[in-house]
Amino acid sequence: WFDGIGLEFTEPKMDDQKNRHLFVANNHGGWARVVLKSAPPGTDLRGKLKGQEPGFVLFDELAEADSSDYFIRLDQQLRRPHIPNPQFIGTCNPPDIGDLHWLYPLFISDPLTNPELAKRYKNYHVPISENIYWTAEQCATYQQKIIDEANSKGDPTIVERLVGGKWIAKPIEGALFQNFYIPRRHSIGDYKNGIGLRPIAG
């Protein structure tokens, strides 16, 4: 950090809750505390965030969060004293389910039609070509890996999501009838146990 952007920081330590943390120098001559918290699916966020009042939150891989609670709970905690404009930033690739994910209406579609939401929520697509720490060759190599993966899986949406930043859903086998298929109505019998329909002779 210091060699790259001149950022001064202390050695990482563990706090009483076993969260790794350190301090970084800010532009006002003081120090800001940075805390790393893990929140896998199913985490009790209320207990995890109890007593925390951050002025800034960076949530990496936000699309992996299976519920909007991850955002709502953190947003409610953004009340650090003397911080006039606390911020929440989430980074992610568009998920496999595309615009069916809870992030899509919150950060993308709803702000387009609601001026009040547009003031609060923004969405930015940052292509790999804008990574100033990678060479053009490294960017091309990464993109080729994505293209090769898409070709091997027969799924062009991989490129559109991971390179183009488009919120489109991954094709699912049988997805053509996914909204009409009802297991209890359309699945009869038990093949493994030899229970099924018998054709009527004649």
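This is a short tour of two pockets and two helices, with something to select at each stop. Keep in mind as you click around that the model is predicted.

**Stop 1: the largest pocket**

Start by selecting R33, V34, V35, F56 and V57, the lining residues that lie nearest the centre of the largest pocket. The space in this pocket comes to about 1,700 Å³, and 44 residues line it. Now colour β2 (20-25), β3 (31-36), α2 (45-49), β4 (56-60) and α3 (69-77), since each of these supplies at least two residues of the lining. Which element gives the largest share? That's β3, with 6 residues. If you colour the lining by residue type, you should get 26 nonpolar, 9 polar and 9 charged residues.

**Stop 2: the second largest pocket**

Next, pick I89, G90, T91, C92 and Y124, which lie nearest the centre of the second largest pocket. Its lining has 34 residues. The elements giving two or more of them are α3, β5 (87-91), α4, α6 (136-153) and α7 (157-162). Here β5 provides the largest share, 5 residues. The volume of this pocket is about 1,200 Å³, and its lining splits into 20 nonpolar, 10 polar and 4 charged residues.

**Stop 3: helix α4**

You've just met α4 in a pocket lining, so select residues 103-113 to see the whole helix. Show the side chains of L103, F107, I108 and P111: buried or exposed? They're buried. Turn the view until you look down the axis, and you'll find them on the same side of α4, because they cover an arc of only 95 degrees. To see what covers these buried residues, switch on α3 and α5 (115-120), which are among the elements that do so.

**Stop 4: helix α6**

Finish with α6, and try your viewer's distance tool on its end C-alpha atoms, which are 26 Å apart. That agrees with the span to be expected from its 18 residues at 1.5 Å a residue.

Now highlight C139, I146 and A150, the buried residues of α6. Looking down the axis, you'll see that they fall within an arc of 40 degrees, so they line one face of the helix. Part of their cover comes from α7. Then swing round to the other side of α6, where E137, K145, N151 and S152 are exposed.

One last click: G154, just after α6, where the backbone takes a positive phi of about 65 degrees.

Note on methods. Residues numbered from 1 in each chain as written. Predicted model: local features only at pLDDT ≥ 70, side-chain atom pairs only at ≥ 80, totals over all residues. Heavy atoms only, no water. Buried < 20%, exposed > 50% of the residue type's maximum accessible area, 1.4 Å probe, protein only. Helix = DSSP H or I, 4+ residues; strand = E, 2+ residues; numbered from the N terminus. Arc of directions from axis to C-beta. Contact = heavy atoms within 4.5 Å. 1 Å grid on protein atoms, 1.4 Å probe; cavity = no way out; pocket = protein on both sides within 12 Å on 5 of 7 lines; lining within 4 Å. Points joined across faces, edges and corners; volume = space filled by probe spheres on them. Nonpolar A, V, L, I, M, F, W, Y, C, P; charged D, E, K, R; others polar. Expected span 1.5 Å × (residues − 1).
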